[in-house]
Amino acid sequence: MTYRAILADRSPEGTILTTVGPLEDDVLQTGDVTIDVEWSNVNYKDAIAILSPRIIQKFPLIPGIDFAGSVASSSDTRFKAGDKVVATGWGLSQDHHGGYAQRARVSGDWLVKLPSAISTRDAMAIGTAGFTAMLSVLALEGAGLTPAKGDVLVTGASGGVGSVSIAILAKLGYRVVASTGKSSEGDYLTALGAAELLDRESLSGEGKPIGAERWAGAIDTVGGRTLANVLSQISYRGVATTCGFVGGQELPATVMPFILRGITLAGIDSVRAPQFLREQAWARLATDLDLSKLGSMVTEVGLDDVRRVASEMLKGQVRGRTLVDVSR
C-alpha cells in the first residue's frame with residue numbers, strides 16, 4: 001500500500017532534511033498492530049526533532065511523536081480492526097517511525113484505546129501536551145491538592161500543556177492563575193478558565209530563596225529560574241509539577257522551600273509512562289476536559305506545513321495546539 005509521509009534524513013553536515021512523498025508498507029518497522037493514521041500534531045519536541053539533530057536517533061525516519069487513527073490489522077488480541085487508538089511517546093520519532101504518515105505499525109503496548117467520548121481528532125488536539133497536562137493534574141491530586149487549598153499557577157500558559165492544564169483545572173473547580181508573556185492572549189486564557197493573568201517577567205528574574213506563600217499548587221512548563229521562583233512561593237505542604245525546560249535545564253533554587261514548607265516537586269514523564277497511568281489519564285481527559293474548549297486551542301495544517309510550524313514554534317510564535325491532517 002502506498003501512503004504519504006514526511007521522511008527525515010540527516011545531511012553530511014548534520015542538518016535535518018525533510019521530504020514529503022509516497023512510501024510503501026515495506027518501510028514500516030516491526031510491530032503487531034498496523035494503524036491507518038488520521039491525525040497527528042506538532043509538539044515542541046517535534047519541532048526540535050525536525051529542525052535539529054537532538055531527538056531522532058535513527059535515519060531515515062518518519063517523525064511525529066503522536067498519532068491517532070483506526071486499527072487496520074492486529075495480531076495483538078487486545079485490538080481489532082476498526083478500533084480507535086492513540087499513541088504518544090515511547091520510541092516514536094526517536095528510533096521508530098512516528099505519526100507524520102498515513103500508516104503506522106507499532107507494538108500494542110504503545111497504544112491506548114480511545115474513550116468513546118474522544119474522537120481521533122480530539123485525541124490529537126489533546127496529544128502529548130494534553131496528556132502531559134493530565135498527568136500533571138493527577139500528580140497534584142496525588143499530593144493532596146484540592147480546590148479548597150488555594151490558587152494554582154500555570155506557567156507557559158498559552159502553550160499546549162499550559163492551555164490544556166488551565167481548561168482541566170478550571171473544570172475541576174480550581175482558581176487558576178495563568179503566567180504568560182503574551183498580553184494579547186488574555187482573552188484566550190480567560191476563555192479557557194484562567195481567573196487571573198500574571199506577567200511571566202515577575203517570575204523570570206533572580207528571586208529570593210524563599211518568598212511569600214502564593215500558590216497551593218503549580219504546573220510549570222518552563223523550568224529554569226521560573227521554576228525556582230515558583231518553588232519559593234509554594235504554600236506550606238503545596239505541590240508543583242515540572243515538565244519542560246524552554247527556560248533552561250538548570251534549577252537555580254535552594255532546599256529552603258522543601259525543608260521549611262515541606263513542599264513537593266513532581267517530575268512529569270510522558271514518554272515512558274506506564275500503561276495503567278496512560279489509561280487513567282485518557283479516561284480522565286474524557287470526563288475532566290471540556291472538549292468544546294479545544295476549538296479555541298486548535299489550528300489545522302497538512303504534512304507540507306509541518307516544518308514551517310516547527311520553525312514558528314521554536315520562535316514562540318505558536319499558540320495552543322497544531323493539528324496535522326495527514327490526508328492533506
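# Reading salt bridges in a predicted model

Trainee: Lys-113 is partly exposed, with a relative accessible area of 43%; what does partly exposed mean here?

Mentor: Partly exposed lies between buried (under 20% relative accessible area) and exposed (over 50%), computed with a 1.4 Å probe on protein chains only. This is a predicted model, in which local features need pLDDT of at least 70 and side-chain atom pairs count only at pLDDT 80 or more, while totals for chains, interfaces and linings use all residues. Residues are numbered from 1 along each chain as its sequence is written, and side-chain values use heavy atoms, with hydrogens and water left out.

Trainee: Which residue meets Lys-113 in a salt bridge?

Mentor: Side chains of opposite charge can pair when their charged atoms come close. A salt bridge is a side-chain nitrogen of Lys or Arg within 4 Å of a carboxyl oxygen of Asp or Glu, and the partner of Lys-113 is Asp-83, at 3.7 Å from N to O. Lys-113 lies in strand 7 (strands are DSSP E runs of at least two residues, helices H or I runs of at least four, numbered from the N terminus), whereas Asp-83 sits in the loop between strand 4 and strand 5, so the pair ties together parts 30 residues apart in sequence. Asp-83 is buried, at 10% relative accessibility.

Trainee: How many salt bridges does the structure hold?

Mentor: The structure holds 18, including one between Glu-185 and Arg-319, whose closest N and O atoms are 3.0 Å apart. That pair links parts of the chain 134 residues apart, with Glu-185 in the loop between strand 9 and helix 4 and Arg-319 in the loop between helix 10 and strand 15. Glu-185 is buried at 10%, whereas Arg-319 is partly exposed at 34%.
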